[in-house]
Amino acid sequence: MHDINDMLYFAAIVKEKSFSAAARRLDVSKSRVSKALTRLEGALGVRLLHRSTRSLSLTEVGEAYFDHCERILDELTQADITVSRLQQEPRGKLKISAPVAFSTMHVASALPGFMMQYPDLTVDLTLSDRFVDLAEEGYDIALRITANPGQNLVARRLAPIRRKICASPAYLERAGTPQQPVPI
């Protein structure tokens, strides 16, 4: 397998029709470009370029090799672009578990905007007050109302939760008014 950089330098020499111009384009020394071509020709066991003090031209083998180099380098560029795109935009399926009350107050209003912002993402939302096992049940995210999220989880505070204890006047008349909360 040949060094991809040597192929890149060779392609630049051909496109620029000069060692010096290729070196400037790649921001490397002319010596480095020349050595890369020498290594490549040595590895292949052929001459790729006819060179004189005033001109360069491709040999027949060099022309065929250059065509392949261009396709390979273009594929590498496309691979980099693909990876970049995939990292920029979320896509696929996002499986979320969230408590019912929290979802009613916070998730329901945020979900339409989120889905419009990320059209390549599908959200599978399960509303349940049960604590799910993320790994066992295949969830990506679990929204939880807890002070102790668990050792192996990454937790972020999303919104405050305010709780109120309420009772009807009839209940208080029947059971009395509690003086302190009763532990569950």
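How much accessible surface does the protein have, and what share of that surface belongs to carbon and sulfur atoms? With the surface of this predicted model switched on, the accessible area comes to about 13900 Å², and carbon and sulfur atoms account for 53% of that area.

Begin with the whole chain, shown as a C-alpha trace and turned onto its principal axes, where the C-alpha atoms fill a box of roughly 105 × 30 × 30 Å. The radius of gyration is 32 Å, whereas a compact globule of 184 residues would have a value near 16 Å. If you then colour by burial, 23% of the 184 residues count as buried.

Next, switch to a cartoon, in which you should find seven helices and five strands, and follow them along the sequence in the pattern α-α-α-β-β-α-β-α-β-α-β-α. Should you draw the contacts between residues at least 6 apart in sequence, 58% of them join residues at least 24 apart.

For the charges, select the 24 positive and 21 negative side chains, and note that the centres of these two sets lie 7 Å apart.

Now select the aromatic rings, which form three aromatic pairs in the structure. For one of these, Phe10 and Tyr65, the ring centres are 5.9 Å apart and the planes stand at 45°, an angle that falls between the limits of 30 degrees for stacked and 60 for edge-to-face, so the pair is tilted. Zooming out a little, you will see that this pair links distant parts of the chain, since Phe10 sits in helix H1 (residues 4-16) and Tyr65 in helix H4 (residues 60-88), 55 residues apart. Phe10 and Tyr65 are both buried. Add Phe66 to the selection, and you have one aromatic cluster made up of Phe10, Tyr65 and Phe66.

The last stop is Phe131, which you will find in the loop between strand E4 (121-127) and helix H6 (134-137). Is Phe131 buried, partly exposed or exposed? Its relative accessibility is 48%, and Phe131 therefore counts as partly exposed, the cut-off for exposed being over 50%. To see what surrounds Phe131, leave aside its neighbours within four places in sequence and select Arg144, Ile145 and Thr146, with which Phe131 is in contact. Finally, draw a distance from the C-alpha atom of Phe131 to that of Leu143, a residue 12 places away along the chain, and the separation should read 9.2 Å.

Note on methods:
Residues numbered from 1 in each chain as written. Predicted model: local features only at pLDDT ≥ 70, side-chain atom pairs only at ≥ 80, totals over all residues. Heavy atoms only, no water. Helix = DSSP H or I, 4+ residues; strand = E, 2+ residues; numbered from the N terminus. Rg over C-alpha atoms; globule rule 2.2 N^0.38 Å. Buried < 20%, exposed > 50% of the residue type's maximum accessible area, 1.4 Å probe, protein only. Contact = heavy atoms within 4.5 Å. Areas by Shrake-Rupley, 256 points an atom, 1.4 Å probe, with all protein chains shown as cover. Lys, Arg positive; Asp, Glu negative; His and termini not counted. Charge placed at Lys NZ, Arg CZ, Asp CG, Glu CD. Phe/Tyr/Trp six-rings, centres within 6.5 Å; stacked < 30°, edge-to-face > 60°.
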